[in-house]
Amino acid sequence: MGAAMLTGVITEILIPVAAVIGIAFALLQWLLVSAVKLSPERQTPAGGNKKNGFAADFLIEEEEGLNDHNVVVKCAEIQNAISEGATSFLFTEYQYVGVFMAVFAVLIFLFLGSVEGFSTKSQPCTYSKDKFCKPALANAVFSTVSFLLGAVTSVVSGFLGMKIATYANARTTLEARKGVGKAFITAFRSGAVMGFLLAANGLLVLYIAINLFKLYYGDDWEGLFEAITGYGLGGSSMALFGRVGGGIYTKAADVGADLVGKVERNIPEDDPRNPAVIADNVGDNVGDIAGMGSDLFGSYAESSCAALVVASISSFGINHDFTAMCYPLLISSMGIIVCLITTLFATDFFEIKAVKDIEPALKRQLIISTALMTIGIGIVSWIALPSSFTIFNFGEQKKVKNWELFFCVAIGLWAGLVIGFVTEYFTSNAYSPVQDVANSCRTGAATNVIFGLALGYKSVIIPIFAIAVSIFVSFSLAAMYGIAVAALGMLSTIATGLAIDAYGPISDNAGGIAEMAGMSHRIRERTDALDAAGNTTAAIGKGFAIGSAALVSLALFGAFVSRAAISTVDVLTPKVFIGLIVGAMLPYWFSAMTMKSVGRAALEMVEEVRRQFNSIPGLMEGNAKPDYATCVKISTDASIKEMIPPGALVMLTPLIVGTFLGVETLSGVLAGALVSGVQIAISASNTGGAWDNAKKYIEAGASEHARALGPKGSDAHKAAVIGDTIGDPLKDTSGPSLNILIKLMAVESLVFAPFFAAHGGLLFKIL
């Protein structure tokens, strides 16, 4: 078979070193961002006001006769209010999530421990009956520990992301006074801090967990990597609550602020007179940053776990080849190094001189990281894998060559890029689909909604073909392991993807702070340009998340089918078909719950904002301050209360179906949820993104066509705002949460598979 060039010892050094480099790079970026001071002190150069000198690079405000000291103080105050609101919400959310985490950890232990009646005797291995493996009780204990590890890492990833974003938003605003290039670098570096911390922490914690578990499991790699799947379950279950809770928070505030402020009162977005404005800006950080961070961490953890589970019962695990076994982790390590080089292209190698350079710079990040990563995957596949080996394929061992595995990872990586650019085409206002949606606003909100829905449905076609091709090629080459590493390929440049994703909400907040601090119109134009580019790249990020979720859940599904000892999933058997049709319904039920939750919370918010405008004298004139705290409280209370039912639906479905209806029906449920969930998620995200950018297209008035539809406050603009408001919960709550639904149900089924295989299907046993 030919041994790998890379020895086990070097592998054990390389993986943690790559993670530490990622963390060090994140800290360096954070230090560079913190060099922008939020205090009003400044030195005036002794040699007069030289325009190109550092201290006098300073400020549009000076040219326009505005008091710079007050502007900085105001920015610091607003940033503080946003940071406090976000921290307070996340702490409240984590208290509830902590209770869930403890209860679910107990459930994992009880379910898995009861497989062999809490016996401490060694059992025959699942896949090699002639060998003995560690007892089921050990699997219960270690699965519970890895679940808690994954959950804590996910929560920490989201929280750190939020703290970094709220640290950087006002600094981006202040840098916008010196030029759009400096503001871009500050926002992008802050995004990179989050991206690298998350990628490196996820890798390091998983690597340490594997090595610690190995001390007990020894040569029983089958049991070891089965227990490690709890890490993915912990990551995704926290991501579900982060995405749903954060999504409800941010959209309740956004809808309330837009409907009353823009449509009824005709005041600008982020106007300080709007009582919901602080809650809206807090929402960007808890939904788009903390929720998204946890979500992508969950995808990364699950794709790694799916690959490791399949590898442990292939020749890598059977022959105890540690380097080949760590192939998924080596791919992630290479990803950190590639993303580090790619980031330098945005912050150091190329300069942003004008607004038109922003979007190409962000797109260049995706292309450079994908091209470099392709080379990186080739190197890892060449040095870390034997020239040929076998991969477990539903009871048989399939012979695979190392170059075939390279193609599996590479096709996942490039499919991600295709999905990203198709998403951009359908959601960026530089192209005809969004311009058509904007044009439809001439005849009112109804036609805008019709055009937007049609765009979302149409945008599903190419991504689904891209996913289908990558599934077919990777499965043909390396069975279920091929699909797992294809998902990992799509997520291998996660640090760059997250940097681009986090950049959007940071720029959005920067614009809000500029408006609230009463800064120059020219500065608001700069932050709006940063935000518009961020909107499109956020849609690209969501495309990546959904595409990788489809591949990850399919790989987990394959691992579940193998572990539950199902020989074939036959759609024509009634047990499987009823599961299939119920599973396909679940994303609709889940979307209904999340949409209704946003609607209820927004209703309360709209009433409160109206009440304040009507009852606080001098509020519209700017002579009185609104009560921001009440609006923040409405969003917090609503999101905490409303996130529980959708979360319970996702977490309880596999447990109920597996226990009462058995593994065949559960396999149908997983397949149905995957097939319908991916389609709804893509169309919801793209419809919402298109409506948002159609509104921004009219507001910016950059072309003759856009000016004919505008200005702000025109009938066409009001119709666009209504479309944007409808799209908000689609693109920021239901759509992104659906990809967690399909992954989470699959990984939960895999973790509980030993119990379902031994004791599941109670209903059919009684009948």
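**Figure 1. Helix α12 is mostly covered, with 19 of its 26 residues buried.** In this predicted model, the helix runs over residues 402–427. From its first C-alpha to its last, α12 reaches 38 Å, close to the 38 Å expected at 1.5 Å a residue.

**Figure 2. The whole chain comprises 24 helices and 4 strands.** Its radius of gyration is 26 Å, close to the 27 Å that the globule rule gives for 767 residues, so the chain is as compact as a globular protein of that length. Along the principal axes, the C-alpha trace spans about 85 × 60 × 45 Å. Of the 767 residues, 64% count as buried. Among contacts with a separation of 6 or more, 84% are accounted for by residues 24 or more positions apart.

**Figure 3. The chain exposes about 26,500 Å².** Carbon and sulfur atoms supply 66% of this exposed area. The chain carries 51 positive and 61 negative side chains. The centres of these two sets of charges lie 2 Å apart.

**Figure 4. Helix α1 covers residues 8–34 and packs against other helices through its buried residues.** At 1.5 Å a residue, its 27 residues should span 39 Å; the end C-alpha atoms are 40 Å apart, which agrees. The buried residues of α1 include T11, I15, A18, A19 and G22. Further along the helix, F25, A26, Q29, V33 and S34 are also buried. The partners against which the buried residues of α1 pack are α4 (136–175), α5 (180–217), α9 (322–325) and α10 (327–349).

**Figure 5. V632 is a buried residue of helix α19.** This helix consists of residues 628–642. The relative accessibility of V632 is 16%, and a residue is classed as buried under 20%, so V632 counts as buried. Leaving aside neighbours within four places in sequence, V632 is in contact with Y249, I278 and A279. L488 is 144 residues from V632 along the chain, and the C-alpha atoms of the two are separated by 38 Å.

**Figure 6. V675 is an exposed residue of helix α20.** The helix that holds V675 extends over residues 644–700. V675 has a relative accessible area of 52%, and the class of exposed residues begins over 50%, so V675 is exposed. V675 and L6 are 669 residues apart in sequence. In space, the distance between V675 and L6 is 39 Å, C-alpha to C-alpha.

How values were computed. Residues are numbered from 1 along each chain as its sequence is written. This is a predicted model: local features need pLDDT of at least 70, side-chain atom pairs count only at pLDDT 80 or more; totals for chains, interfaces and linings use all residues. Side-chain values use heavy atoms; hydrogens and water are left out. Helices (H or I, at least four residues) and strands (E, at least two) are DSSP runs, numbered from the N terminus. The radius of gyration is taken over C-alpha atoms; the globule rule is 2.2 Å times the number of residues to the power 0.38. Buried means under 20% relative accessible area, exposed over 50%, partly exposed in between (1.4 Å probe, protein chains only). Contact means heavy atoms within 4.5 Å. Accessible areas come from the Shrake-Rupley method with a 1.4 Å probe; for residues, only the protein chains shown count as cover. Lys and Arg count as positive and Asp and Glu as negative; His and the chain ends are not counted. The place of a charge is taken as NZ of Lys, CZ of Arg, CG of Asp or CD of Glu. The expected span of a helix is 1.5 Å times one less than its number of residues.
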